[in-house]
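Trainee: I have a model open and would like to go through its ligand site and a few backbone details. Could we begin with the terms?

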Amino acid sequence: MSKPKVYVTRAIPDATIEALRAEFEVEVNPDDRALTKEELKQKVRGCDAVVSLLTDTIDGEVLDAAGPQLKIVANYAVGFNNFDLAAATRRKVILTNTPGVLDDATATHTFTLLLATARRIAEADKYVRDGKWLGWAPMFFIGLDVDGKTLGIAGLGRIGKNVARKARGFDMKILYSDVKPDAAFEAETGAVFVDKATLLKESDFLTLHVPLLPETRHYIGTAELKQMKPTAVLINAARGPVVDEKALIEALDSGHIAAAGLDVVEREPLDDDRLRRHPNILFTPHTAFYSVEGYAEMRTKTAQEIRRILLGEAPRNPVNVLPVPRG
Ligand SMILES: NC(=O)c1ccc[n+]([C@@H]2O[C@H](COP(=O)([O-])OP(=O)(O)OC[C@H]3O[C@@H](n4cnc5c(N)ncnc54)[C@H](O)[C@@H]3O)[C@@H](O)[C@H]2O)c1
């Protein structure tokens with residue numbers, strides 16, 4: 001009997017994917033680029049399973065091109081906005097993702113941005129590299145303390161909670177705002193649920209972890225920035241449009257807040273010179289989720305899902321619910 005066929009839409013060299021070759025016939029796109037829709041439709045034809053990336057639109061057209069034997073499309077990602085869930089459910093194709101693998105990296109990166117912004121690490125590093133360090137001076141890169149300060153968390157989900165746990169190591173007082181309180185987490189960490197106005201007013205460091213939704217677009221704008229402390233630091237590793245950047249520049253220029261650490265911006269890659277050149281902003285280029293270990297786990301989880309489905313087991317991380325999976 002011929003082996004089930006697995007197509008991997010982009011080269012992700014890893015022993016885990018290679019291990020699938022022991023049981024399945026695996027083909028990997030050898031080029032380091034996303035396939036066009038037509039190429040994708042052609043390559044998935046006759047496959048039993050597909051490993052896809054966020055750059056692959058998996059819709060009815062692609063699923064039909066694959067054929068009725070297709071059982072699973074496993075996204076090599078936590079997000080799955082490239083999936084047409086209804087189209088896959090109608091065709092009884094299971095769609096899976098890899099939740100949880102990036103939480104540690106994203107929360108650690110968020111806390112790194114917080115510490116690096118408070119301690120002015122990027123400016124100091126540049127100063128040394130530019131050969132300007134000629135001796136000590138009393139006003140030399142005076143940073144902010146973090147220990148014992150108040151951390152405000154907007155959106156106490158997976159990442160917000162992870163950041164809160166790290167903040168306990170710095171004896172920070174934790175305030176949070178969300179659509180509803182979490183009594184169990186409050187008991188575990190001493191975090192306090194507050195309304196948005198209190199969060200803005202009392203936070204020394206405000207970190208954003210809400211998803212980008214119509215109601216969270218410009219969650220932080222002029223009115224919000226005016227309520228914050230002049231010494232406050234804003235951290236955004238959620239999504240760029242959660243912050244109104246024009247308002248942020250004005251608030252930094254007028255001294256309504258002290259500094260910002262941004263992993264995400266409204267338009268990526270960053271093309272706004274006023275923002276890019278602002279001395280009180282520390283940037284990273286949307287890299288909060290990258291980590292060697294997280295990526296390895298993502299590959300393992302993706303490969304395991306393929307294996308489970310092709311061997312007739314139930315998926316661990318389905319994103320659609322099938323009444324009866326394809327036999
Ligand atoms: N920078 C990166 O690399 C990176 C990586 C992963 C995730 N993210 C972003 O971080 C966001 C959070 O990720 P997560 O895994 O913690 O998500 P999550 O769904 O676990 O948590 C989001 C939280 O926000 C809350 N929320 C929703 N609307 C709100 C509102 N209007 N006001 C207050 N709280 C609200 C939800 O109730 C939930 O508790 C993601 O949506 C994503 O955009 C960024």
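Mentor: Certainly. Ala, Val, Leu, Ile, Met, Phe, Trp, Tyr, Cys and Pro count as nonpolar, Asp, Glu, Lys and Arg as charged, and the others, Gly among them, as polar. Please keep in mind that this is a predicted model.

Trainee: How do the residues of the shell around the ligand divide on that basis?

Mentor: The shell consists of 11 nonpolar, 6 polar and 4 charged residues.

Trainee: And which residues are the closest to the ligand?

Mentor: Of the 21 residues that surround the ligand, the closest are Arg158, Ile159, Asp178, Asp263 and Phe289.

Trainee: Which atom of Asp178 lies 2.6 Å from an oxygen atom of the ligand?

Mentor: A polar side-chain atom of Asp178 is found at that distance. For Ile159, a backbone N or O atom lies 2.9 Å from a ligand oxygen. Phe289 also places a backbone N or O atom by an oxygen of the ligand, at 3.3 Å.

Trainee: How much of the ligand's accessible area does the protein cover?

Mentor: On its own the ligand has 870 Å² of accessible area, and the protein covers 79% of that. The space that the ligand takes is the largest pocket.

Trainee: Changing topic: how many aromatic pairs does a search of the whole structure find?

Mentor: The search finds 8 aromatic pairs. One pair is Phe111 with Phe170: the ring centres are 5.3 Å apart and the planes stand at 35°, so the pair is tilted.

Trainee: Where do Phe111 and Phe170 lie?

Mentor: Phe111 belongs to helix α5 (residues 103-118), while Phe170 is in the loop between α7 (158-168) and β7 (173-177), so the pair ties together parts that are 59 residues apart in sequence.

Trainee: What is there about the backbone of Asp171 in particular?

Mentor: Asp171 lies in the loop between α7 and β7. Although Asp171 is not a glycine, its phi is positive, at about 50°. Most residues other than glycine have a negative phi.

Trainee: One last item: is the peptide bond that joins Glu268 and Pro269 cis or trans?

Mentor: That bond is cis, with omega about 0°. Pro269 is located in the loop between β11 (259-262) and α12 (273-276). Most peptide bonds are trans.

Note on methods
Residues are numbered from 1 along each chain as its sequence is written. This is a predicted model: local features need pLDDT of at least 70, side-chain atom pairs count only at pLDDT 80 or more; totals for chains, interfaces and linings use all residues. Side-chain values use heavy atoms; hydrogens and water are left out. A residue is near a molecule or strand if one of its heavy atoms lies within 4 Å of it. A polar contact is a pair of N or O atoms within 3.5 Å; within protein, one must be able to donate a hydrogen and the other to accept it, and residues adjacent in sequence count only if both atoms are side-chain atoms. Accessible areas come from the Shrake-Rupley method with a 1.4 Å probe; for residues, only the protein chains shown count as cover. On a 1 Å grid over the protein atoms alone, a cavity is a set of points where a 1.4 Å probe fits but cannot get out, and a pocket is an open set with protein on both sides within 12 Å along at least five of seven lines; lining residues have an atom within 4 Å of a point. A molecule sits in a cavity or pocket if more than half of its atoms lie within 2 Å of its grid points. Rings of Phe, Tyr and Trp (its six-membered ring) pair if their centres lie within 6.5 Å; planes under 30 degrees apart count as stacked, over 60 as edge-to-face and the rest as tilted. Helices (H or I, at least four residues) and strands (E, at least two) are DSSP runs, numbered from the N terminus.
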